Amino acid sequence: MMSVASLARRRFCCRLRWQPNRCWSALNDDVSLAAAAQQHNVPARLLCVVPPSSWAILRPQSLPTGTSIYLAGGRWSSTSSKHGRKGRQTKSPSLENFHSVIEGSHAAFRQLGEIDRRSLAFFWTRISQLVTGPRNRGNGLARGAVTERQWQQLMNELVAIFGKTLDEMEKSDQRVLTQTTLAFAKIAREVDSPRQRRSQEPTEKILHTILIGGDSQRKEKLFQAIAVRAIPILPTFDARHLSNLAYANAIAGMNPRLADGSTLFDHVAQNSIPLLKKFEPQELSNMVWAYEKIGTRNPGLFNQVAKEIILRDRLQSFDPQALSNIVLAYSKSGVRSPSLYATVANHIVNIRDLGEFNPQDCSNTVWAFSKAGESHPRLFEKVADHIIGLEHLNTFNPQDTSNTVWAFAKARVANSRLFQKVADHIVRLNHLNPFNPQGLSNILWAFAKAGEPNPRLFQKVADHIIGLNHLNPFKSQNLSNTVWAFATAGESDPSFFKAVADHIIGLNNLDSFEPQALSNILWVFAKAGESHPHLFRRVADHIIGLKDLNTFEPQHLTNTVWAFAKAGESHPPLFRRVADHILSLDNLQSFNEKNASQILWAYASADSVDLVLF
């Protein structure tokens with residue numbers, strides 16, 4: 001017997017005949033018309049599939065003459081005639097195919113008394129598609145063209161639909177619950193993004209008010225309510241819906257906590273572990289990605305997922321994105337699994353070519369191995385050969401580019417051809433505006449760390465930084481890594497160093513600078529021979545003003561006084577403060593011989609000999 005989905009694909013629609021007080025139920029793609037007819041003891045001819053893709057028929061209810069029923073494919077009304085009752089289709093927007101938020105809102109609100117929970121799930125899914133699509137597509141209300149009445153009408157409609165959805169979710173099964181949750185999560189992520197919060201789009205502002213609220217308390221309450229509904233029925237969830245529920249909460253940034261102190265993710269893990277053999281590759285990938293994304297450690301789940309992946313004979317069914325996301329999740333979560341990394345690496349190495357790996361897949365994979373400290377030279381060689389063989393790197397975005405070279409440098413895998421390919425790509429760019437400060441600093445750090453000199457690349461980055469109006473987006477670590485790379489690579493650009501120094505001097509305070517960043521910056525200026533007395537004085541005054549120097553490690557103290565002595569910058573109060581701190585320590589075992597010798601050299605060179613310290 002042909003399934004309902006097959007009939008829908010054939011755009012089949014038979015006559016719908018009403019019978020008063022006859023109960024009907026929704027069909028899904030696993031139920032044939034014949035089976036449904038037998039289940040409800042009605043002739044099969046009384047059931048109908050509405051094109052193009054709907055298989056929902058009617059929720060259980062009686063159908064007296066004149067009742068309007070809204071199906072996924074349109075609106076149907078029962079009418080009287082001497083030949084009996086029959087349905088006729090009238091034009092009305094579908095709850096899964098409308099083209100704007102306002103169109104869908106009007107349609108759903110008109111049907112609010114009749115639509116079921118599954119139709120509501122389709123409605124919110126379609127809303128999420130419109131909101132997350134290209135800008136202004138599906139908005140329904142153009143910027144600056146909204147009357148107060150239109151605004152209030154849309155707000156009232158969406159609030160009513162949202163309220164009905166929450167009521168229906170209390171009785172929802174796994175499919176409807178996860179579909180609705182995923183839709184809410186995607187909408188919430190989009191309308192709460194910094195870009196959208198600056199937007200004046202009416203629909204997005206309304207959705208933000210409904211789902212997020214001014215202080216995000218509404219979002220927290222919403223996902224808390226979903227968790228309370230989901231947890232009692234989690235044992236009925238299959239692998240796909242467990243994975244989707246975790247994924248939805250992760251993209252919303254939510255991990256609801258229950259009264260007993262447990263979290264939703266605790267319960268999802270508990271119910272997922274026995275079913276891992278039934279998880280598809282993408283579901284395994286989404287599951288571990290969700291746990292890492294939300295920042296909750298569950299070594300038990302991760303260890304079992306790793307065992308499941310390793311036990312699978314082949315990984316051909318895992319696409320590149322799934323593989324890269326899995327190792328990325330493990331590296332970020334800190335859960336060690338050398339066997340998992342080896343299994344994934346060996347699989348990738350044995351692939352004939354990496355043509356199906358996009359730039360993000362390549363960069364995330366090598367980045368994950370480097371982050372986890374998992375060495376696999378053949379994997380890195382395979383990825384490098386693939387990138388080198390590309391005609392160009394135009395499909396690599398700034399993060400892909402920086403992550404790739406950072407990974408090779410961190411893993412200490414030498415590949416001059418790869419670094420040259422990346423450098424040539426960056427140098428040929430018209431400008432570096434798409435690169436954020438961390439990306440730029442990571443690229444230069446990688447070239448310096450790997451010992452790959454490239455003056456044209458360093459000059460390109462220096463010119464970009466010098467040309468900026470200010471360096472406020474650069475964090476202290478970005479500045480530290482950038483100037484360290486210049487000094488280590490032997491690249492000198494006085495204008496660049498002056499721009500960095502002037503930025504630091506102009507800050508209200510240096511509280512955002514960790515001891516390592518401060519000491520490294522001073523060390524770099526001294527090593528590079530870049531004189532800047534005001535910078536040294538500003539850092540010295542900051543250190544003297546600290547309550548204590550307990551956060552300064554021996555290397556930080558060593559680099560600081562060495563830099564002052566090397567640069568010829570005299571600052572006796574700073575040297576006294578450092579000496580007093582060292583003398584206050586119970587023992588000096590944390591200072592190695594190199595630290596000790598450089599500190600003594602610095603004090604002697606700066607004419608700040610402290611006899612007690614010596």
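How much area does the protein expose, and what share of it do carbon and sulfur atoms supply? In this predicted model, the exposed area comes to about 29400 Å², of which carbon and sulfur atoms supply 47%.

The secondary structure consists of 28 helices and three strands, and 53% of the 614 residues count as buried. Where contacts join residues at least 6 apart in sequence, 72% of them link residues at least 24 apart.

In soluble globular proteins, nonpolar side chains tend to be buried together. The largest nonpolar core here holds 171 residues, and those with the most contacts inside it include Phe123, Trp124, Phe184 and Leu457. Phe184, once its neighbours within four places in sequence are left aside, is in contact with Trp124, Phe162, Thr165, Met169, Leu211, Leu222, Phe223 and Ile226.

The largest pocket encloses about 890 Å³ of space. Of the 31 residues that line this pocket, Leu328, Lys332, Gln360, Asn364 and Gln399 are the closest to its centre. The elements that give two or more residues to the lining are helices H10 (239-251), H12 (281-294), H14 (320-333), H16 (359-372), H18 (398-410) and H20 (437-449), and the largest share, six residues, comes from H18. The make-up of the lining by class is set out below.

| Class in the lining of the largest pocket | Number |
|---|---|
| Nonpolar | nine residues |
| Polar | 16 residues |
| Charged | six residues |

Conventions:
Residues are numbered from 1 along each chain as its sequence is written. This is a predicted model: local features need pLDDT of at least 70, side-chain atom pairs count only at pLDDT 80 or more; totals for chains, interfaces and linings use all residues. Side-chain values use heavy atoms; hydrogens and water are left out. On a 1 Å grid over the protein atoms alone, a cavity is a set of points where a 1.4 Å probe fits but cannot get out, and a pocket is an open set with protein on both sides within 12 Å along at least five of seven lines; lining residues have an atom within 4 Å of a point. Grid points are joined across faces, edges and corners, and a volume is the space filled by probe spheres set on the points. Helices (H or I, at least four residues) and strands (E, at least two) are DSSP runs, numbered from the N terminus. Ala, Val, Leu, Ile, Met, Phe, Trp, Tyr, Cys and Pro count as nonpolar, Asp, Glu, Lys and Arg as charged, and the others, Gly among them, as polar. Buried means under 20% relative accessible area, exposed over 50%, partly exposed in between (1.4 Å probe, protein chains only). Contact means heavy atoms within 4.5 Å. Accessible areas come from the Shrake-Rupley method with a 1.4 Å probe; for residues, only the protein chains shown count as cover. A nonpolar core is a set of buried Ala, Val, Leu, Ile, Met, Phe, Trp, Tyr and Cys residues joined through side-chain atoms within 4.5 Å.
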